[in-house]
Amino acid sequence: MARSNRQLTQFAVDRLRYAMVYGPENAGKETQGNTEVEADICGHCERPAHLVVRLYGKDIMRILFSPINPRVVAGVLIRTGDFYDSKGRPSRTTRERLNGLLDALGAAKFIPEGVRAFIREDNSCALGKGDACKAFDAGAPAVLLLAHPTDLVFS
């Protein structure tokens, strides 16, 4: 079932789901339009594979898989990709891609459902859910979430 009205966001979500089902080592690299999804596999080290989502060639999300079970998400590194609006907030396109991916991670129970990149009442951008959030803008361009199905765990 489609989780997004935006075709390129749905492409990224579908690639993420593929990596969660078949393992990131089988995800390869695919690009559609301005969105690229690639498995980052270290062939000469023991680091677990990552799945990297890029917008215009810049990382906006890195999904970190468990070293014990490569189909289990251990954490998610979320970045702005250095795309900002005039107020220093992540661009609408960046937030759209991230929110689609965060929805998919929530639906799979790797993070709590409802985690989003959102604009607060004071017009700043945050990443999280309700009051459990962190600033997410030009001054704070990265947020690391550890996987937990019910608690929002920032690192």
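Cys-125 has a relative accessibility of 0%, so this residue counts as buried. That value, like everything that follows, comes from a predicted model. Cys-133 is in no disulfide, and the nearest cysteine sulfur to it, that of Cys-125, is 9.5 Å away.

So where does a disulfide turn up? A search through the whole structure finds one. This disulfide joins Cys-42 to Cys-45, with the two sulfur atoms 2.0 Å apart. A disulfide is a covalent bond between the sulfur atoms of two cysteines. The two partners sit on either side of the 20% cut-off for being buried: Cys-42 is buried because its relative accessible area is 17%, whereas Cys-45, at 34%, counts as partly exposed. Cys-125 is in no disulfide either, its nearest cysteine sulfur being that of Cys-133, 9.5 Å away.

Next come the helices, starting with α1. Helix α1 runs over residues 7–22. At 1.5 Å a residue, its 16 residues should span 22 Å, and the C-alpha atoms at its ends are indeed 22 Å apart, so expectation and model agree. Part of this helix is tucked away: its buried residues are Thr-9, Gln-10, Phe-11, Ala-12, Val-13, Arg-15, Leu-16, Ala-19 and Met-20. What covers them? The cover includes the strands β1, β2 (35–40), β3 (50–55), β4 (58–65) and β5, along with helix α2. Just after α1, Gly-23 takes a positive phi of about 95°.

Helix α1 also carries a pair of aromatic rings. The structure holds two aromatic pairs. In the pair formed by Tyr-18 and Tyr-22, the ring centres are 4.7 Å apart and the planes meet at 40°, so the pair is tilted. Stacked pairs need planes under 30 degrees apart and edge-to-face pairs need over 60, so an angle in between is called tilted. Tyr-18 and Tyr-22 are four residues apart in α1, which means that about one helical turn separates them. Both tyrosines can be placed on the accessibility scale: Tyr-18 is partly exposed, with a relative accessible area of 30%, and Tyr-22 is partly exposed too, with 45%. Tyr-18 has another companion, since Arg-15 lies over the face of its ring, 4.7 Å from the ring centre. Elsewhere, Lys-58 lies over the face of Phe-83, at 6.0 Å from the ring centre.

Beyond α1, the chain reaches Gly-28, which is placed in the loop between α1 and β1 (29–32). Is Gly-28 buried, partly exposed or exposed? With a relative accessibility of 36%, Gly-28 counts as partly exposed. Setting aside neighbours within four places in sequence, Gly-28 is in contact with Val-37, Glu-38 and Ala-39. Val-115 is another matter: 87 residues separate it from Gly-28 along the chain, and the C-alpha atoms of the two are 27 Å apart.

Helix α2 covers residues 92–107. It has 16 residues and reaches 22 Å from its first C-alpha to its last, close to the 22 Å expected at 1.5 Å a residue. Its buried residues include Thr-94, Arg-95, Arg-97, Leu-98, Asn-99 and Gly-100, as well as Leu-101, Leu-102, Ala-104, Leu-105 and Gly-106. Asn-99 makes a handy example: at 9% relative accessibility, Asn-99 counts as buried. Not counting residues up to four places away in sequence, Asn-99 touches Arg-116 and Ala-117. After α2 comes Lys-109, with a positive phi near 70°.

The last stop is strand β9, which covers residues 142–146. In a regular strand the side chains alternate between the two faces of the sheet. Which residues of β9 point to the buried side? Val-143 and Leu-145 point to one face and are buried, while Ala-142, Leu-144 and Leu-146 point to the other and are not. Strand β9 pairs with β5 (residues 73–79) in the antiparallel sense over five bridges, and the bridge partner of Gly-75 in β9 is Leu-146. Strand β9 also pairs with β10 (residues 153–154), again in the antiparallel sense, over two bridges. Here the bridge partner of Leu-146 in β10 is Val-153. A hairpin of six residues joins β9 to β10.

Notes
Residues numbered from 1 in each chain as written. Predicted model: local features only at pLDDT ≥ 70, side-chain atom pairs only at ≥ 80, totals over all residues. Heavy atoms only, no water. Buried < 20%, exposed > 50% of the residue type's maximum accessible area, 1.4 Å probe, protein only. Contact = heavy atoms within 4.5 Å. Phe/Tyr/Trp six-rings, centres within 6.5 Å; stacked < 30°, edge-to-face > 60°. Lys NZ or Arg CZ within 6 Å of the ring centre and 35° of its normal. Pairing = 2+ DSSP bridges. Expected span 1.5 Å × (residues − 1). Disulfide = S-S within 2.5 Å.
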